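Here is a briefing on one structure. Please look over the chain before reading on.

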Amino acid sequence: MDQPPHSRLFGTSLGFLAGYVDTLGFIALFGLFTAHVTGNFVLIGAALADASRVSILLKFLAFPAFIAGVAITRLMVLAVERRAGPSLTLAMLLQWALLAGFMVFGILAEPIGKDVSSMAMVAGLLGTAAMGVHSATSRLLLAHLAPTSMMTGNVTQIVIDTVDVLRGAADAATHARCGKFFWPLAAFALGAIAAAFAYLAFGFVALAVPLLLLAGLIIVQHRSGRAAVPTA
């Protein structure tokens with residue numbers, strides 16, 4: 001069974017990954033949110049009110065794709081944990097495979113035109129499903145970490161704790177919580193900036209960055225799980 005991962009490493013890395021993938025999808029695929037999927041509702045409403053906007057089919061389908069990623073992860077985790085298997089490692093492998101599909105179909109869709117091609121549609125839905133896996137993994141297996149894809153709650157908590165620090169009412173738990181929520185937020189912002197420049201320079205090949213990052217986390221988690229297995 002998987003051991004709890006290193007909080008700072010995983011929180012920061014997954015925050016960077018979420019900001020990176022969400023920003024790249026937004027820039028590349030007509031304003032599609034892959035991680036912050038509810039943001040697509042805003043864009044759908046705007047598009048419905050203005051028929052001149054780009055097709056909204058991708059944004060409509062993104063929500064069920066995200067739900068599918070969450071549901072598949074939930075069922076997989078239940079099945080693996082019944083066998084005391086490496087649920088976190090397998091969940092990250094599933095996300096890696098979907099992100100790899102996002103990159104491959106994105107490359108096949110290039111150059112991205114004014115209309116959503118079939119390849120671009122598949123790319124966007126795979127990216128959204130990957131981030132559905134990401135969000136479900138966070139809730140199910142990484143609940144001890146701060147959220148890594150939805151930053152509104154992190155900002156709220158940081159502001160509350162900062163106010164308590166400034167008024168002299170903070171205890172050790174408050175200071176620890178500030179660090180817990182700050183690093184994923186900072187990493188998310190850095191990932192968003194990095195993705196914008198990387199996509200403009202390299203196109204969908206830029207998704208190699210989160211793929212390499214996630215592969216590194218999978219290796220770290222797999223090794224920690226093996227180290228925890230008692231020897232005869």
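Leu57 is found in helix α3. The model is predicted. The points below cover a surface patch, a helix crossing, unusual backbone geometry, salt bridges and one residue pair.

**Nonpolar patch**

- Leu57 is partly exposed, because its relative accessible area is 44% and the partly exposed class lies between 20% and 50%.
- Leu48, Leu57, Phe60 and Leu61 make a nonpolar surface patch. The patch covers about 370 Å².
- Helix α3 spans residues 57–82 and supplies the largest share of this patch, three residues.

**Helix crossing**

- Helix α3 also meets helix α5, which runs over residues 118–141. Their axes come within 7 Å. They cross at roughly 40°.
- That angle is neither under 35 degrees nor in the range 65 to 115, so α3 and α5 count as oblique to each other.
- The crossing of α3 and α5 is right-handed.

**Backbone geometry**

- Most residues other than glycine have a negative phi, and most peptide bonds are trans. Three sites depart from these habits, as the next points show.
- Phe30 is not a glycine, yet has a positive phi of about 60°. Phe30 sits in the loop between α1 (7–28) and α2 (39–49).
- Phe30 has a relative accessible area of 19% and is therefore buried, the cut-off being under 20%.
- Ala84 is not a glycine either, and its phi is positive at about 55°. Ala84 belongs to the loop between α3 and α4.
- Ala84 is partly exposed, with a relative accessible area of 41%.
- The peptide bond from Glu110 to Pro111 is cis. Its omega is near 0°.
- Pro111 lies in the loop between α4 (87–109) and α5.

**Salt bridges**

- Side chains of opposite charge can pair when their charged atoms come close.
- How many salt bridges does a search of the whole structure find? The search finds two.
- Asp161 forms a salt bridge with Arg177. The closest N and O atoms of this pair are 2.9 Å apart.
- Asp161 lies in helix α6 (residues 152–166) and Arg177 in helix α7 (residues 172–202), so the pair ties together parts that are 16 residues apart in sequence.
- Asp161 counts as buried, at 1% relative accessibility. Arg177 counts as partly exposed, at 28%.
- Arg167 forms a salt bridge with Asp164. Here the closest N and O atoms are 2.9 Å apart.
- Is Arg167 buried or exposed? At 58% relative accessibility, Arg167 counts as exposed. Its partner Asp164 counts as buried, at 17%.

**Thr137 and Ala186**

- Thr137 is placed in helix α5, the helix that crosses α3.
- Thr137 counts as buried, because its relative accessibility is 4% and the limit is under 20%.
- Thr137 and Ala186 are 49 residues apart along the chain. Their C-alpha atoms are separated by 20 Å.

Technical notes
Residues are numbered from 1 along each chain as its sequence is written. This is a predicted model: local features need pLDDT of at least 70, side-chain atom pairs count only at pLDDT 80 or more; totals for chains, interfaces and linings use all residues. Side-chain values use heavy atoms; hydrogens and water are left out. Patches are made of residues with over 30% relative accessible area and no salt bridge: like charges are joined within 9 Å, nonpolar side chains (Val, Leu, Ile, Met, Phe, Trp, Tyr) within 5 Å. Accessible areas come from the Shrake-Rupley method with a 1.4 Å probe; for residues, only the protein chains shown count as cover. A salt bridge is a side-chain nitrogen of Lys or Arg within 4 Å of a carboxyl oxygen of Asp or Glu. Helices (H or I, at least four residues) and strands (E, at least two) are DSSP runs, numbered from the N terminus. Buried means under 20% relative accessible area, exposed over 50%, partly exposed in between (1.4 Å probe, protein chains only). Axes are lines fitted to C-alpha atoms, for helices over the stretch in contact, and angles run from 0 to 180 degrees between N-to-C directions. Angles under 35 degrees count as roughly parallel, over 145 as roughly antiparallel, 65 to 115 as roughly perpendicular and the rest as oblique. A crossing is left-handed if the near helix is turned anticlockwise from the far one by less than a right angle, and right-handed if clockwise.
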